[in-house]
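Biologist: I am new to this structure. Please take a close look at the salt bridges, and then tell me what surrounds them.

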Amino acid sequence: MTQDDLVLHARDGAVVTLTVNRPKALNALNFDVLHALGRRLDEVAADSEVRAVVLTGSGDRAFVAGADIAAMQTMGYLDALAFAQLGNGILTKIEQMRKPVIAAVNGFALGGGCELALVCDVILASTKAKFGLPEVSLGVIPGFGGTQRLARLIGRNAAKHWVMTGDVYSAEEAQRIGLVYHLHEPGDLMDAALSTARKMAMRGPFALAEAKHIINRGLQLPLSAAIELEAAAFARCFLTADQREGMTAFLEKRPAVFTGH
Ligand code: CAA
């Protein structure tokens, strides 16, 4: 097994599936896995033929059961800071990628695994998935953005309940609080994720990228400033051939063929 096998890459037309592949450790994220994920993300970001990404975990037990506890056990302050910065850098690649990334959560998404799902654009999950930020049970706190992204997504009080109890939650509960968009039977999850990815891949790539960016960025700003940014992004779409194609195709009653330009 090479380092690149730690994150598998499968291409189906314009959709790439990335699979974190360390099933014996429930796909826990150590340095090698994080670096392999970073390389895969750089590849798909640079490939203009790829228009949507599905991220999942190998095997039927886990999406990712967290950062690797064995790797962290002996860390000191500087190692821990470097590890958090590495993890945050890799997760930020997903946030900044100008393509949709769909998390297909097929099992445990705990700690760093939950944080990995949180940074994706859409979370779909199997009915058997389990979510949580159990770091306080290990004497630490989430280090890959979990305290901040979860609070922004589900609100301060619910996030504090999650982070400060360290409890593990069912897929149903994760959906109830808005973390998961849709639940699927385990055998249907990948088809559902791929079908969502294919649908997004058929839309205007520039528009998708702008939509993703403006939602992420706008959530960090006051509403009035975010709406101004949205207007500018809307106008940028009118610099593209895809805008002409999308609107012309509608008026000509035919499917649009987008190029991303
Ligand atoms: N790191 C390293 N190894 C892990 C792991 C992790 N996060 N999670 C599971 N494993 C390993 C186990 O050590 C075990 O390995 P061995 O077979 O060699 O003993 C193997 O995966 C299978 O796990 P279990 O035997 O524990 O399986 P289980 O069904 O009894 O329990 C589980 C499953 C509830 C997910 C349990 O494994 C567990 O609690 N894992 C840890 C979850 C966790 O605390 N994650 C947060 C990590 S801290 C973090 O992520 C920090 C951050 O924010 C950056």
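Modeller: Arg22 and Asp68 form a salt bridge, with their closest N and O atoms 2.6 Å apart. The pair links distant parts of the chain. Arg22 sits in the loop between β2 (15-20) and α1. Asp68 sits in the loop between β4 (62-64) and α2 (69-72), and the two residues are 46 residues apart. Keep in mind that this is a predicted model. Arg22 is partly exposed, with a relative accessible area of 21%. Asp68 has a relative accessible area of 7%, so Asp68 is buried. Pairs of this kind have a plain basis: side chains of opposite charge can pair when their charged atoms come close.

The loop that holds Arg22 also holds Leu26, since Leu26 is found between β2 and α1. Leu26 has a phi near 50°, a positive value in a residue other than glycine. Why is that worth a note? Most residues other than glycine have a negative phi. At 22% relative accessibility, Leu26 counts as partly exposed.

Leu26 leads to Val64, because Leu26 is among the residues that Val64 touches beyond four places in sequence. Others on that list include Val20, Asn27, Ala28 and Leu29. Phe108, Ala109, Leu110, Gly113 and Leu116 are on the list too. Val64 lies in strand β4. Val64 is buried, with a relative accessible area of 0%. Asn106 is 42 residues from Val64 in sequence, yet their C-alpha atoms are 9.1 Å apart in space.

Back to the charged pairs. The whole structure has 13 salt bridges. One of them joins Asp47 and Arg11, at 3.2 Å from N to O. Asp47 lies in the loop between α1 (31-46) and β3 (52-57), and Arg11 lies in strand β1 (residues 7-12), so this pair ties together parts that are 36 residues apart in sequence. Both partners are partly exposed: Asp47 at 25% relative accessibility, Arg11 at 40%.

Arg40 and Glu43 make a local pair. Their closest N and O atoms are 3.4 Å apart. Both residues lie in helix α1, 3 residues apart, about one turn of the helix. Arg40 counts as buried, at 13% relative accessibility. Glu43 is partly exposed, with a relative accessible area of 39%. Elsewhere, salt bridges that share partners join Arg98, Glu210 and Arg236 into one network.

Now to the domains. The domain assignment gives domain 1 (3-201) and domain 2 (205-251). Their C-alpha centres lie 26 Å apart. At the boundary, 10 residues of domain 1 are in contact with 7 residues of domain 2. The two domains bury about 690 Å² between them, 52% of it on carbon and sulfur atoms. Arg51, Glu95 and Arg98 supply 65% of the area that domain 1 buries against domain 2, more than any other three residues. The count of salt bridges between the domains is 2. Lys212 and Asp121 also meet in a salt bridge, 2.9 Å from N to O.

Next, a residue in another strand. His184 lies in strand β10 (residues 182-184). Its relative accessible area is 17%, so His184 is buried. Leaving aside neighbours within four places in sequence, His184 is in contact with Leu124, Ala125, Ser126 and Thr127, as well as Leu189 and Ala192.

The surface has a nonpolar side as well. Ile69, Leu138 and Val140 make a nonpolar surface patch of about 260 Å². Leu138 lies in the loop between β8 (130-132) and α5 (146-154). Leu138 is partly exposed, with a relative accessible area of 46%.

One more backbone angle comes from the segment after α11 (241-251), the place of Lys253. Lys253 has a phi near 55°, again a positive value in a residue other than glycine. Lys253 is exposed, with a relative accessible area of 77%.

To return to the starting point: Arg22 and Asp68 form a salt bridge that links distant parts of the chain. The partly exposed partner is Arg22, and the buried partner is Asp68.

Notes: Residues numbered from 1 in each chain as written. Predicted model: local features only at pLDDT ≥ 70, side-chain atom pairs only at ≥ 80, totals over all residues. Heavy atoms only, no water. Patch = residues over 30% accessible without salt bridge, like charges linked within 9 Å, V, L, I, M, F, W, Y side chains within 5 Å. Areas by Shrake-Rupley, 256 points an atom, 1.4 Å probe, with all protein chains shown as cover. Salt bridge = Lys/Arg side-chain N within 4 Å of Asp/Glu carboxyl O. Helix = DSSP H or I, 4+ residues; strand = E, 2+ residues; numbered from the N terminus. Buried < 20%, exposed > 50% of the residue type's maximum accessible area, 1.4 Å probe, protein only. Domains from an automatic or database assignment. Contact = heavy atoms within 4.5 Å. Buried area = accessible area lost by both parts, 1.4 Å probe.
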